[in-house]
Amino acid sequence: MSTYFKDGQYTKQSEMKISVDDRGYYFGDGVYEVIKVYNSELFTAREHLERLVQSANKIKISLPYTVDQFIDIANELIASNQITVGHIYIQVTRGAAPRAHQFPGTEVMPVVVAYAVSNPRPVQAITNGVALKSVEDVRWLRCDIKSLNLLGNVLAKQEAHEADCVEALLHRNGTVTEGSSSNMFGVKNGVIYTHPATNLILNGITRQVVLKLCKEQGIEVVEESFSLEESMDMDEFFFTSTTAEITPVTSIDGKLISKGEPGLVTLKLQEAFTLEIPLILAGK
Ligand code: PDD
C-alpha cells in the first residue's frame, strides 16, 4: 500500500481526502513537478523544485515549503515506498474554497500532495525509437508555467495515440514548439535545433541537461524555432523529458526519419546522458 503525502501528513492513498472545493479540481489552479528517481536517489531535484517555485510565483501561489523541505518530503516518499527507479509527483493547488474564479482570501492555504511511483526506464522506446504525429498547438500562451491546466496537452497526446504514435509534435501555424509532455530536437548536418525557452514551451530540466551535454561533447546547438516541414527533412529527431529521457524519433506523420533508426548524434547524447546520471546523483 503506497504512502502519499498531503499537507504535512504521510497517509495511505486510500485514506487521502481532497476537498471537492479544491481549486485544482475546479480550475486546474495549481502547479506540479515530476522528478526522476534513479538508484533510490532524486535526479536534478533542485532544478525541478526551483522551477516549481518559479511556476508558483508566476501564478501568485506562495509555496508553504522551501526547496529543502520538498526534498526531504520526496526522500521520505522514496524510502517509505522503497522506490529504486521511478519518479516523484508533487502538486500544489491554490487551496480549497467555495467555487469563484477570483483568488480566495489569504486564510485559504495551498494544498500540497506528493507521491512516489516505481517506473522503469523506457528501454524499448529509447532503444528502438518511436513515431510522432503532428498536432496543432492550441494551448494558452504561458506554456513556460508547469500548470495543472493540461487539456491542450491531453487532447494532443490522445490524438497521437489514436494514430498509433507515442507523442504529439506540437506546432503553432507550422512552427514546431514542443511535445505534449516533452521537448523536441531536430538534427541537421550535425547541428541540433530546438525551440528557444520562451513562453511557448516548458524549459525542460532534461532539455537543460541535454544542452549542457551538447556543449561538453562539442555539438553545436541552435535555439531557434523550425517548421514542421523542416522537421520532416531533419537527419535525426528526438525528444526529452524526465520520464522519456532522450527518446529517438523514427517517423513523423508516417514519414521515416533517419531511415527509421536512432541517429548517431542521438545515440551519442543518450550514451552521455546515461554516463551523466551517476555524476549528477553524486553532485558532481
Ligand atoms: N512533462 N514540455 C512539456 C509540456 C512537459 O509536460 C514536459 C514534462 C516537458 C519536459 O520537461 P522535463 O524535462 O523537465 O521533464 C516539456 C512531465 C514529465 C509530465 O507532465 O509528466
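Here's a quick tour of this structure, from the overall fold to the ligand and the empty spaces.

Keep in mind that this is a predicted model. The chain is built from eight helices and 15 strands. Its radius of gyration is 19 Å, close to the 19 Å that the globule rule gives for 284 residues, so the chain is as compact as a globular protein of that length. A ligand is bound too, and the protein covers 89% of the 480 Å² of accessible area that the ligand has on its own.

**Overall dimensions**

- If you lay the C-alpha trace along its principal axes, the chain spans about 55 × 40 × 30 Å.

**Around the ligand**

- The ligand has 20 residues around it, and the closest are Tyr32, Glu178, Ile205, Thr206 and Thr242.
- Sorted by class, that shell has 12 polar, four charged and four nonpolar residues.
- Thr206 brings an N or O atom of its side chain to 2.6 Å from an oxygen atom of the ligand.
- With Ile205 it's the backbone that takes part: one of its N or O atoms lies 2.8 Å from a ligand oxygen.
- Arg51 uses its side chain, where an N or O atom is 2.9 Å from an oxygen atom of the ligand.
- Several elements give two or more residues each to the shell: strand S3 (30-38), helix H2 (45-58), strand S9 (175-179), helix H6 (205-217) and strand S13 (236-241).

**The cavity**

- Search the whole structure and you'll find one cavity of 30 Å³ or more.
- The largest cavity has a volume of about 60 Å³.
- Its lining is made up of Lys36, Tyr38, Phe43, Thr44, His48, Ile205, Thr206, Val209, Thr242 and Phe273.
- Some names turn up again here: Ile205, Thr206 and Thr242 line the largest cavity and are also among the residues closest to the ligand.
- S3 and H6 are the elements that give two or more residues to this lining, and H6 gives the most, with three.
- In terms of class, the lining of the largest cavity has five nonpolar, four polar and one charged residues.

**The second largest pocket**

- There's also open space to look at: the second largest pocket holds about 230 Å³.
- Its lining has 13 residues, and those nearest the pocket's centre are Ser62, Arg94, Gly105, Thr106 and Val108.
- By class, the lining of this pocket has eight nonpolar, three polar and two charged residues.

Methods. Residues are numbered from 1 along each chain as its sequence is written. This is a predicted model: local features need pLDDT of at least 70, side-chain atom pairs count only at pLDDT 80 or more; totals for chains, interfaces and linings use all residues. Side-chain values use heavy atoms; hydrogens and water are left out. On a 1 Å grid over the protein atoms alone, a cavity is a set of points where a 1.4 Å probe fits but cannot get out, and a pocket is an open set with protein on both sides within 12 Å along at least five of seven lines; lining residues have an atom within 4 Å of a point. Grid points are joined across faces, edges and corners, and a volume is the space filled by probe spheres set on the points. Ala, Val, Leu, Ile, Met, Phe, Trp, Tyr, Cys and Pro count as nonpolar, Asp, Glu, Lys and Arg as charged, and the others, Gly among them, as polar. A residue is near a molecule or strand if one of its heavy atoms lies within 4 Å of it. A polar contact is a pair of N or O atoms within 3.5 Å; within protein, one must be able to donate a hydrogen and the other to accept it, and residues adjacent in sequence count only if both atoms are side-chain atoms. Accessible areas come from the Shrake-Rupley method with a 1.4 Å probe; for residues, only the protein chains shown count as cover. Helices (H or I, at least four residues) and strands (E, at least two) are DSSP runs, numbered from the N terminus. The radius of gyration is taken over C-alpha atoms; the globule rule is 2.2 Å times the number of residues to the power 0.38.
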